[in-house]
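Trainee: Could you take me through the cavities of this model, one at a time? I would like to know what surrounds each of them.

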Amino acid sequence: MAKAAATRDEARGTFTPAPGAAPLRRMILAQSALETRMLLRNGEQLLLTVIIPTLLLVVFSSADLVDTGDGDRVDFLAPGLLALAVLSTAFTGQAIATGFERRYGVLKLLGSTPLPRWGLMVAKTACVLVVEILQVALLTAIAFGLGWSPHGNPVWVILLLLLGTAAFSGLGLLMAGTLRAEATLAGANLVFILLLLGGGVIVPLDKFPSGVEHTLALLPISALSDGLRDVLRDGSGLPLGDLAILAVWAVLGLGAAARFFRWE
Amino acid sequence: MDSSSPAVALTGLVKRYGDKTAVDGLSLTVERGRVTAVLGPNGAGKTSTIEICEGYRRADAGEVRVLDLDPVRDAAALRPRIGVMLQSGGVYSGARAEEMLRHVAKLHAHPLDVAMLIERLGLGSCGRTTYRRLSGGQQQRLALALAVVGRPELVFLDEPTAGLDPHARHATWDLVRELRADGVSVVLTTHLMDEAEKLADEVAIVDRGRVIASGSPEALCHDGAENSLRFSGPPGLDMGSLLNALPEGAKAFEVSRGAYRIEGEIDPQLLATVTSWCAQHGVMPERLTVERRSLEDVFMELTGRELRS
Ligand SMILES: Nc1ncnc2c1ncn2[C@@H]1O[C@H](COP(=O)(O)OP(=O)(O)OP(=O)(O)O)[C@@H](O)[C@H]1O
Ligand SMILES: [Mg+2]
């Protein structure tokens, strides 16, 4: 045995096996960086996550197109568009990207590397958070330019954004892991538009008939935009009701995704 | 690490999709340090078999051991040790070849030198082009590079040369030979018999989800082989007279006008007998060739069908 090993060592060639996983931290960092690069390189994704929210913020703040109630329009719109930014990245963008990765065997190939599946999911989450930070920074800067004056405790804002991200990620991954890529593409865009219109992002929910309003208020996007608005516009304390709605969606979405996600 | 167990051991493997049985009691042993070709027509169950070994699909019945591990239960231990080339896809459509290769290298502890691999497989010309715009052959070569970059003990290559030009095909064959020389076990699928003949130490011919023959290409082609000798000459030569000159068991035919075939154990003695018979009859045997039975012929004999469908 020892002799065989010695001969093998002397004859060490280019391809002589030396298998092994990289340290977990390095794998997850590398995967997060790659996922983020892929997302930022994709034109359609940037349209969805950067251009649309920015345009909506600028256009609807500058022109009186929708009655946003008392106070500055930007104070109503900025929290709504922060919510939309989370929706666009954690739900729509992630669903479409993951759907096509599944379709084109990327998830399959990664499944043959030492990167564990949960590591891939951590990397995807990191990628979503990085993009959200860029979105929040951009939208905040523009909102300030438009005369925004936010209030409230930033900790509640961060808590809302994180729970919103968890809820939308679960729903996005559920869609990507169960539907065909084309269906995910169409469905995720449709849901984006519907939630944009009916989730209190630009149009206040009290514009709807009261029965409809109460149902719409249970949507994750409504809870997120309403919670952010309570804190940022009205300076209210911990928005427990909205956080609770988001938490329920997060548990349901992530649970269903974990249960039904098909890797192939 | 127990290196005496086979690289892959499959016994009575069954895989069904709905009511279709794709793999039907397949048994196969792959020795370490060898190149093993799984040869079979479209839909024979090659990819299904390989993907069960890779842990992607679960067998409905039968036993699977890969590097003495269970591909599903021991996936975490097995993954770093194997390299996988999918039949298609596997790369982010927006990623560049080098970027993807460097990424997968980073997931391993002792990866190969990426620049060397790019050079070896001619991937340098891909430059900044993203995966979805690479040519089919470039995508194929990238997939091969991704399978080996982590310095695995065992690689599974699903149709590694499909769609490659002759130059790229030879580069792939050279790489596979070098893998073997350096002690890597290689399992590849193909429906090209010349590829299996030239490259593999062992061939398993798979049809309808079963191994119908296996062994070294030489053994498969020669075992009880009826080889043949062909020549052309003037039409209407007396086959009865030629047959009398030939040893017992040989056969002689005029296949078509002026085209002759002799079947039997073609050895130097028989060749001399044929040429001297021709000399006696004043016949110049043109285009005289000795034909070895090919894997294609073996497949035909076993199944009565063509390998290429
Ligand atoms: N995921 C699947 N669902 C349903 N049927 C499948 C699936 N995968 C394979 N099959 C069927 O199983 C059979 C074997 O397929 P497989 O891909 O293993 O063949 P193969 O030998 O790799 O063929 P090829 O040379 O065309 O790649 C085929 O009839 C195929 O249609
Ligand atoms: Mg196949």
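Mentor: Happy to: here is a walk through the cavities, followed by a short look at a helix pair in chain A.

Please keep in mind that this is a predicted model. Three cavities of 30 Å³ or more are found in the structure. The largest cavity holds about 90 Å³ of space. Its lining draws on both chains: A:L109, A:S112 and A:T113 are there from chain A, together with B:I82, B:G83, B:V84, B:V104, B:H108, B:L146, B:A147, B:G150 and B:P152 from chain B. Two elements of chain B, β5 (82-85) and α5 (136-148), give two or more residues each to this lining. Of these, β5(B) contributes the most, with three residues. If you sort the lining of the largest cavity by class, you get seven nonpolar and five polar residues, and no charged ones.

Now for the second largest cavity, which has a volume of about 70 Å³. The residues around this one are B:V8, B:L10, B:L28, B:V30, B:V38, B:K46, B:T49, B:I50, B:C53, B:F156 and B:V187. Here the elements with two or more lining residues are β1 (8-17), β2 (20-30) and α1 (46-53), which belong to chain B. The largest share comes from α1(B), with four residues. By class, this lining comprises nine nonpolar residues, one polar and one charged.

While you have the model open, turn to chain A and find helix α7 (residues 154-178) and helix α10 (residues 220-232). They pack with their axes 10 Å apart, at an angle of about 170 degrees. Because angles over 145 degrees count as roughly antiparallel, α7(A) is roughly antiparallel to α10(A). On the α7(A) side, the contact is made by A:W156, A:V157, A:L160, A:L161, A:G164, A:F168 and A:L171, and on the α10(A) side by A:P220, A:I221, A:L224, A:G227, A:L228, A:V231 and A:L232. Twelve of the residues in this contact are nonpolar, two are polar and none is charged.

The UniProt record, an unreviewed entry, also has something to say about chain A: among the spans it gives as "transmembrane region" are residues 46-66 and 154-176. In the model, residues 154-176 of chain A are 100% helix, and their end C-alpha atoms lie 32 Å apart. For residues 46-66 of chain A, the span is 81% helix and 0% strand, with 26 Å between the end C-alpha atoms.

Terms used:
Residues are numbered from 1 along each chain as its sequence is written. Chains are lettered from A and ligands numbered from 1 in the order in which they are written. This is a predicted model: local features need pLDDT of at least 70, side-chain atom pairs count only at pLDDT 80 or more; totals for chains, interfaces and linings use all residues. Side-chain values use heavy atoms; hydrogens and water are left out. Axes are lines fitted to C-alpha atoms, for helices over the stretch in contact, and angles run from 0 to 180 degrees between N-to-C directions. Angles under 35 degrees count as roughly parallel, over 145 as roughly antiparallel, 65 to 115 as roughly perpendicular and the rest as oblique. Contact means heavy atoms within 4.5 Å. Ala, Val, Leu, Ile, Met, Phe, Trp, Tyr, Cys and Pro count as nonpolar, Asp, Glu, Lys and Arg as charged, and the others, Gly among them, as polar. UniProt positions are given in the numbering used here, feature names are shortened, and annotations may be inferred rather than shown by experiment. On a 1 Å grid over the protein atoms alone, a cavity is a set of points where a 1.4 Å probe fits but cannot get out, and a pocket is an open set with protein on both sides within 12 Å along at least five of seven lines; lining residues have an atom within 4 Å of a point. Grid points are joined across faces, edges and corners, and a volume is the space filled by probe spheres set on the points.
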